[in-house]
Amino acid sequence: MKLQLALDRLSREECIDFIAKTRDFIDWIEVGTGTIKEHGIRLVRDIKDAYPDKTVVADMKICDSGRHEAEMAFRAGADVVTVMGFAGIETIRQVLESAKENRKRVMVDLLEVTDSGRVRNIYLAGADLFCLHIGKDRQSSGKQHFEDQLHLVGGLDQADLAVAGGIGPDNLPSLRKLGVGIAIVGSYITNSQDPEQAAAGMADALRRSDGQQKHL
Ligand SMILES: O=C([C@H](O)CO)[C@H](O)[C@H](O)COP(=O)(O)O
């Protein structure tokens, strides 16, 4: 299982600092939605320039104007862009087309998606990377579990699966059972007193896990 560090609610300098501290343990770097809004898409470019060997995810959470927003992220050096699973299928198609033309990838964020038929249509449109996501605001209610969302991606045999939202050592065992390929971890690392140690511990635990890891 791979580890994606999510950079949310941080200053520009903190983002750079967290990457420097955790670089040996993380596989993918996510520039969070709010981070892009606050610091601009230029931060994606700066991070990709500094870490060309890392996969950089621009968490654009696109829900309209698909091609325009995807190209903005790809031009800035993003390897992966996120689109919302609840967006119109035309928007999602535009993002997928842009990714294909630019030889990049799309992560479909399933935040607040409940209809597996919709997910299947997105899969049939060409998406091959989906993210089960318990949003920040939902996390505070503590009522949602990744297991409850798993039916959304059942039968999407060629797709890779990521999970995001409240991930740390406590729910790692459940991820193993889900066949997750990539664990997206933000707060557990960025709120830690020792981010390097937190990332090292997560990376070690993820790699030791016997989840049905797929090539990403
Ligand atoms: O995508 C995210 C969320 O919607 C805020 O923009 C987070 O990056 C992701 O859920 C990681 O969350 P935590 O690990 O719970 O910080």
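# Briefing: a predicted chain with a bound ligand

Leaving aside its neighbours within four places in sequence, Gly66 is in contact with Val83, Thr91, Ile92, Gln94 and Val95. The model is predicted, and the predictor assigns the complex an ipTM of 0.96 together with a pTM of 0.94. The chain contains eleven helices and eight strands. The points below cover confidence, overall form, the ligand shell, the nonpolar core and selected residues.

**Confidence**

- Mean pLDDT for the chain is 93, with 97% of its residues reaching 70 or more.
- Over residues 211–216 pLDDT stays under 50, and for this stretch the model has 14 contacts beyond four places in sequence.

**Overall form**

- A compact globule of 216 residues would have a radius of gyration near 17 Å, and the 16 Å found for the chain agrees with this.
- The C-alpha trace spans about 45 × 35 × 35 Å along its principal axes.
- Of the 216 residues, 44% count as buried.
- Where contacts join residues at least 6 apart in sequence, 64% of them link residues at least 24 apart.

**Ligand shell**

- The ligand is surrounded by 18 residues, of which Ala6, Ala164, Gly165, Gly186 and Ser187 come nearest.
- At least two residues of this shell are supplied by each of helix H2 (33–39), strand S8 (182–185) and helix H10 (187–190).
- Sorted by class, the shell holds six nonpolar, nine polar and three charged residues.

**Nonpolar core**

- The largest nonpolar core comprises 69 residues, and Ala58, Val81, Val163 and Ala183 are those with the most contacts inside it.
- Beyond its neighbours within four places in sequence, Val81 is in contact with ten residues' worth of listed partners, including Ala58, Met60, Ile62, Phe74 and Val106.- Further contacts of Val81 include Ala70, Ala73, Val95, Ala99 and Lys104.

**Strand S3 and the loop that follows**

- Lys61 is placed in strand S3.
- Phi of Lys61 is near 45°, a positive value in a residue other than glycine.
- Lys61 counts as partly exposed because 19 C-beta neighbours lie inside 10 Å, where 20 or more would make a residue buried.
- Cys63 lies in the loop between strand S3 (55–62) and H4, and its 16 C-beta neighbours inside 10 Å make Cys63 partly exposed.
- Leaving aside neighbours within four places in sequence, Cys63 is in contact with Met84, Ala87 and Thr91.
- Cys63 and Ile167 are 104 residues apart along the chain, and their C-alpha atoms are separated by 24 Å.
- Ser65 is also located in the loop between S3 and H4, and phi of Ser65 is near 55°, a positive value in a residue other than glycine.
- With 13 C-beta neighbours inside 10 Å, Ser65 counts as partly exposed.

**Helix H4**

- Gly66 belongs to helix H4, which covers residues 66–75.
- Gly66 has 24 C-beta neighbours inside 10 Å and therefore counts as buried.
- Between the C-alpha atoms of Gly66 and Arg93 the separation is 7.8 Å, although the two residues are 27 apart along the chain.
- Thr91 is a contact of Gly66, and Thr91 is likewise in contact with Cys63.
- Val95 is in contact with Gly66 and with Val81.

**Helix H6**

- Gly117 lies in helix H6, residues 116–124.
- Gly117 counts as exposed because its C-beta neighbours inside 10 Å number 8, and the cut-off for exposed is 12 or fewer.
- Gly117 and Leu152 are 8.0 Å apart in space, C-alpha to C-alpha, and 35 residues apart in sequence.

**The loop before strand S7**

- Ala159 is found in the loop that lies between helix H8 (146–149) and strand S7 (160–164).
- With 17 C-beta neighbours inside 10 Å, Ala159 counts as partly exposed.
- The C-alpha atoms of Ala159 and Leu129 are separated by 5.3 Å, and the two residues are 30 apart along the chain.
- Leaving aside neighbours within four places in sequence, Ala159 is in contact with Leu129 and also with Tyr123, Asp128, Phe130 and Val153.

Key. Residues are numbered from 1 along each chain as its sequence is written. This is a predicted model: local features need pLDDT of at least 70, side-chain atom pairs count only at pLDDT 80 or more; totals for chains, interfaces and linings use all residues. A residue is near a molecule or strand if its C-beta atom, placed from the backbone, lies within 6 Å of it. Helices (H or I, at least four residues) and strands (E, at least two) are DSSP runs, numbered from the N terminus. Ala, Val, Leu, Ile, Met, Phe, Trp, Tyr, Cys and Pro count as nonpolar, Asp, Glu, Lys and Arg as charged, and the others, Gly among them, as polar. The radius of gyration is taken over C-alpha atoms; the globule rule is 2.2 Å times the number of residues to the power 0.38. Two residues are in contact if their C-beta atoms, placed from the backbone, lie within 7 Å. pLDDT is the predictor's confidence in each residue, from 0 to 100. A nonpolar core is a set of buried Ala, Val, Leu, Ile, Met, Phe, Trp, Tyr and Cys residues joined through C-beta atoms within 7 Å.
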